[in-house]
Amino acid sequence: MSVNKESAVIGDTIDLLDLPVIGAFFRWQHSRMFMQSILLVVAIIMVLHGLFGPQLAPRNLSSLLTWVHYRGILVILLLVGGNFFCMACPFMLPRELARKFTKPVKNWPTWLRNKWLSIGLFVTILFSYEYFDLWGSPWWTAWLIITYFAAALLVDVFFKKASFCKYVCPIGQFNFISSTVSPFEIKVRDHAICADCETYDCIKGTRDPENQWDIVQRGCELALFQPRKVGNMDCTFCLDCIHACPHDNVGISTRSPGAELWSDKRRSGIGRFANRNDISILALIFVFGALLNAFGMVSSVYALQNWMAGVMNTTSELPVLGTLFFVMLVVEPIILLGLTAFTMRTWTGAQEKLTPIVMRYAFALVPFGFGLWVAHYSFHLLTGIWTFVPVVQSMMMDIGLPIFGEPMWRLTGISVGLVYPLELGFLSLGFFGSLLVTYRISEKNYYDRRWKAFIPWAVLLLILFCAAIWLLNQPMEMRGTFLGG
Ligand code: SF4
Ligand code: SF4
């Protein structure tokens with residue numbers, strides 16, 4: 001392994017590790033486990049309440065916290081910080097415990113070392129959410145959480161490294177793609193120090209000086225070698241590299257959000273984005289999934305589904321929903337992206353096939369998609385932010401410990417009217433972010449014809465932006481809270 005000595009010292013950035021209190025916390029060896037333990041306790045309470053508590057979704061912590069609070073907090077953390085959910089992920093704790101007793105011996109199969117499996121699981125979760133009305137079922141939500149714990153444990157007990165996070169977990173993939181526009185990144189502080197490094201503990205791990213077979217601190221289990229790591233893709237913010245580096249040369253630093261989307265540098269543990277069609281498709285599913293997921297909550301979807309059921313002459317929801325998913329996640333992107341790429345190619349005179357053009361510009365749509373996810377999920381979070389208080393009070397009464405008093409069912413959240421401008425703000429931020437990435441990709445690949453390359457994609461973004469604004473203006477179901485009643 002050799003490292004380029006020419007890279008500059010990273011300057012003018014804020015490093016969370018240098019801040020008082022927060023820095024000390026992240027440097028603490030057990031900070032991750034501390035956060036995971038808190039979320040594990042919350043997850044256990046949610047599962048128990050989901051299985052044994054009231055089966056009315058707004059009165060149950062399992063469905064309420066999962067579908068209203070967790071998703072909203074997740075996207076806001078990604079927007080203002082980074083992948084802090086993966087950092088505190090409770091699903092990893094049972095696997096950590098299991099690995100104290102048994103060491104995995106198998107390597108993850110080569111043919112599965114990509115994002116195809118996790119893309120399939122991501123679509124499955126989006127589909128199940130609509131088909132089984134997961135937001136309305138505490139019991140099924142509890143089983144979803146249990147399944148998640150079991151899957152993470154099963155995969156990582158048999159397979160080495162962080163196979164579940166890198167190749168299986170659909171939440172992780174959502175976080176990886178979202179964190180490409182986050183303002184913080186775990187990265188090397190001074191590349192010159194890496195150039196003189198002889199141990200590469202950040203990737204290999206730190207060995208016990210008494211017994212060279214013993215690893216006392218793991219290196220990166222996601223195969224991201226710090227000096228060659230580019231951006232947040234695949235980084236779980238697990239802090240292992242920070243604890244492993246003997247030169248204190250890894251920080252949690254600010255950077256230009258989204259800049260990694262137009263970079264085509266070779267990325268450690270990933271390769272070039274240009275060679276990773278699976279990651280491009282993941283980005284597209286992320287973007288069109290945002291539109292689909294928001295569309296699933298507006299009242300017009302029911303009228304459309306009824307019409308489709310009539311045309312298909314069926315009373316079953318499965319073929320109707322399946323068709324809707326196929327149209328919105330496959331047919332619509334193929335038509336829109338194909339037409340845009342074709343127009344761009346004709347106008348610029350580029351001698352390329354359409355597929356590589358689409359795969360390249362897929363990353364330009366990510367900020368817009370993320371803006372829509374944030375607008376959508378923050379709407380549910382903010383309009384129902386206090387709804388957990390009466391549910392906790394009621395749960396305590398149910399178990400015979402009324403220490404928090406009578407449930408205050410009137411507590412809800414911020415009014416819809418106040419949240420709407422915020423939603424528009426998030427969406428606009430994503431739209432302008434996407435325009436910027438589109439311009440930078442055009443400039444990089446078609447410098448002398450960059451405006452001809454840029455304009456067709458900007459038009460596509462404008463169409464998607466208008467569609468998203470229309471969606472936000474539709475009456476939206478207040479899933480999981482009494483506001484929807
Ligand atoms: S262990 Fe530290 S100094 Fe060495 S290569 Fe990794 S980050 Fe750089
Ligand atoms: S060890 Fe790897 S996954 Fe963990 S924070 Fe460092 S680079 Fe990210």
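Domain bounds in this predicted model come from an automatic or database domain assignment, and on that basis the chain is divided into domain 1, spanning residues 16–261, and domain 2, spanning residues 276–475. The centres of domain 1 and domain 2, taken over C-alpha atoms, are separated by 23 Å. To the contact between them, domain 1 contributes 34 residues and domain 2 contributes 35 residues. On the side of domain 1 that touches domain 2, helices α3, α6 and α9 each supply at least two residues, and the largest share, 11 residues, comes from α3. Sorted by class, this side of domain 1 comprises 20 nonpolar, 10 polar and four charged residues.

The largest nonpolar core has 114 residues, and those with the most contacts inside it are A283, F286, V287, V366 and L372. Helix α13 gives the most to this core, with 12 residues, and at least three residues are drawn from each of domain 1 and domain 2. For A283, the residues touched, leaving aside those up to four places away in sequence, are I177, A362, F363, L365 and V366. Of these contacts, I177 is one of the buried residues of α9.

Helix α9, residues 170–178, is mostly covered, with nine of its nine residues buried. The buried positions are P170, I171, G172, Q173, F174, N175, F176, I177 and S178. These residues pack against α3 (61–80), α4 (84–87), α6 (116–131), α8 (163–168), α13 (277–295) and α17 (366–383). Among these partners, α8 is the helix in which K166 has its place. K166 is a charged residue and is buried, because 24 other C-beta atoms lie within 10 Å of its own, where 20 or more suffice for a residue to count as buried. The C-alpha atoms of K166 and F176, which are 10 residues apart along the chain, are separated by 9.5 Å. Apart from residues up to four places away in sequence, K166 touches L222 and D234, and L222 belongs in turn to the residues around ligand 2.

A further enclosed element is strand β1, residues 184–188, of which five of the five residues are buried, so that the strand is largely enclosed by the rest of the structure. Strand β1 pairs with strand β4, residues 250–254, in the antiparallel sense over five bridges, and within this arrangement F184 stands opposite T254 in β4.

Two ligand surroundings were also examined. Around ligand 2 lie I186, C220, L222, L224, K229, C235, T236, F237, C238, L239, D240 and C241, a shell that divides by class into nine nonpolar, one polar and two charged residues. The cysteines of this shell, namely C220, C235, C238 and C241, are counted with the nonpolar class. Around ligand 1 there are 13 residues, of which C194, C197, C202, Q226 and C245 come nearest. The elements that give two or more residues to the shell around ligand 1 are α10, residues 191–195, and α11, residues 201–204. By class, the shell around ligand 1 has nine nonpolar, three polar and one charged residues.

How values were computed: Residues are numbered from 1 along each chain as its sequence is written. Chains are lettered from A and ligands numbered from 1 in the order in which they are written. This is a predicted model: local features need pLDDT of at least 70, side-chain atom pairs count only at pLDDT 80 or more; totals for chains, interfaces and linings use all residues. A residue is near a molecule or strand if its C-beta atom, placed from the backbone, lies within 6 Å of it. Helices (H or I, at least four residues) and strands (E, at least two) are DSSP runs, numbered from the N terminus. A residue is buried if 20 or more other C-beta atoms lie within 10 Å of its own, exposed if 12 or fewer, and partly exposed in between; C-beta atoms are placed from the backbone. Two residues are in contact if their C-beta atoms, placed from the backbone, lie within 7 Å. Two strands pair if DSSP finds at least two bridges between them. A nonpolar core is a set of buried Ala, Val, Leu, Ile, Met, Phe, Trp, Tyr and Cys residues joined through C-beta atoms within 7 Å.
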